[in-house]
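Subject: A structure for you to look at

Hi,

Here is the structure I promised to pass on to you. Have a look at it first, and then read my notes underneath.

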Amino acid sequence: SEYGEQYAMKLARFAEQTVCKDENGQEIPARLWTSSLQRTIKTSEHIKHPVICNGTWHQMANRVYRNLDEIFAGEYEGMTYEEIAKLEPLVSNRPRESELRSMDKIGYRYPRGESYFDLIARLDPLVHELESYQEPVLIISHQATLRIIYSYFMDIDRELAPKQEIPLHTVIKMTYDGWMRCTKEEFYLGPDVPSTSLLTP
């Protein structure tokens, strides 16, 4: 979309000026991860990939991970809440899918889809890999996956993870040394986008 393209260009500038520089403005090695979905890959397409450190480091070389894909909504993938409501029969003794989800958001599994528990399991190896790196890692992913990663490093109970707000077109910088509590900063890059009624994971 037009909004997505604007954000992609702003993110590329932010990556070059902030992610790939230390506090003194010197270029440092940095990493880039995206999901395997086209919308995150396209968001990263303006990020530059120079070879630095005397030819030993390919800056921000993109690593694509299916583990970072959005939670799979199964039969409801790509649908709005209104469209889902029209599909559901009015059965008095059976809760609607939206009601089931609101009662247990972390445990609810979309029909033929995933739950947040499934998402936690597939993100686990990536989180351990993240903890082993010294270089900054820019992750371009999706609401549900970013909620889980954010909650892990901010030491938020996993039951509360699905309720964490991940603002659109915003970079959340988390600084973590493996011992002290993680600190965060938020950088809103824009642009502003009208609200949508699409299913929110």
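What percentage of the 201 residues in the chain do buried residues make up? The answer is 38%. Please keep in mind as you read that this is a predicted model.

**The overall picture**

The chain holds 6 helices and 7 strands. If you walk along from the N terminus, you meet them in the order α-β-α-β-β-β-α-α-α-β-α-β-β. Taken along the principal axes, the C-alpha atoms fill a box of roughly 70 × 40 × 25 Å. I also looked at contacts in the chain between residues at least 6 apart in sequence: 65% of these join residues at least 24 apart.

**The sheet**

A good place to start is the open sheet of 3 strands, which has the order β4-β1-β5 and parallel pairing. As a bit of background, strands of a sheet pair through backbone hydrogen bonds, and they can do so in a parallel or an antiparallel way.

Which strands stand at the edges? They are β4 (62–65) and β5 (137–140); each has a single partner strand, so one side of each is left without a neighbour in the sheet. On average, neighbouring strands of this sheet are turned by 25° against each other, direction ignored.

Now turn to β1, which covers residues 31–35. Strand β1 runs parallel to β5 and is joined to β5 by 4 bridges. You can find Leu32 opposite Leu138 in β5, and Trp33 opposite Ile139 in β5. With β4, strand β1 also pairs in the parallel sense, over 4 bridges. Here Ser35 has Tyr65 of β4 as its bridge partner.

How many of the 5 residues of β1 are buried? The count is 5 of 5, so β1 is largely enclosed by the rest of the structure. Both faces of this strand are covered: Arg31, Trp33 and Ser35 are buried on one side, and Leu32 and Thr34 are buried on the other.

**Two helices that meet**

Next, find helix α5 (residues 116–131) and helix α6 (residues 143–153). Two packed helices are described by the angle between their axes and the distance between the axes. In this case the axes come within 10 Å and cross at roughly 55°. That angle makes α5 oblique to α6. The crossing of the two helices is right-handed.

Which residues make the contact? From α5 they are Tyr116, Leu119, Ile120, Arg122, Leu123, Val127, Leu130 and Glu131, and from α6 they are Ala144, Thr145, Arg147, Ile148, Ile149, Tyr152 and Phe153. By type, the residues of this contact divide into 11 nonpolar, 1 polar and 3 charged.

**A closer look at α6**

Of the 11 residues of α6, 8 are buried, so this helix is largely enclosed by the rest of the structure. Those buried residues are Ala144, Thr145, Arg147, Ile148, Ile149, Tyr150, Ser151 and Phe153. They pack against α5, β5, β6 (170–175) and β7 (183–188).

Thr145 is a residue of α6 worth clicking on. Is Thr145 buried or exposed? Thr145 has a relative accessible area of 0%, which means that it is buried. Leaving aside neighbours within four places in sequence, Thr145 is in contact with Asn67, Leu68, Asp69, Glu70, Leu119, Arg122 and Leu123.

Just after α6 comes Asp155, which takes a positive phi of about 60°.

**A residue in a loop**

My last stop is Glu75, which you will find in the loop between β4 and α3 (81–87). Glu75 is partly exposed, with a relative accessible area of 44%. Where is Tyr110 in relation to Glu75? The two are 35 residues apart in sequence, and 7.4 Å apart in space from C-alpha to C-alpha. Not counting residues up to four places away in sequence, Glu75 touches Pro111 and Arg112.

Enjoy exploring, and write back with any questions.

Best wishes

Key: Residues numbered from 1 in each chain as written. Predicted model: local features only at pLDDT ≥ 70, side-chain atom pairs only at ≥ 80, totals over all residues. Heavy atoms only, no water. Axes fitted to C-alpha atoms, helices over the stretch in contact; angles between N-to-C directions. Parallel < 35°, antiparallel > 145°, perpendicular 65-115°, else oblique. Left-handed = near helix turned anticlockwise from the far one by under 90°. Contact = heavy atoms within 4.5 Å. Nonpolar A, V, L, I, M, F, W, Y, C, P; charged D, E, K, R; others polar. Pairing = 2+ DSSP bridges. Buried < 20%, exposed > 50% of the residue type's maximum accessible area, 1.4 Å probe, protein only.
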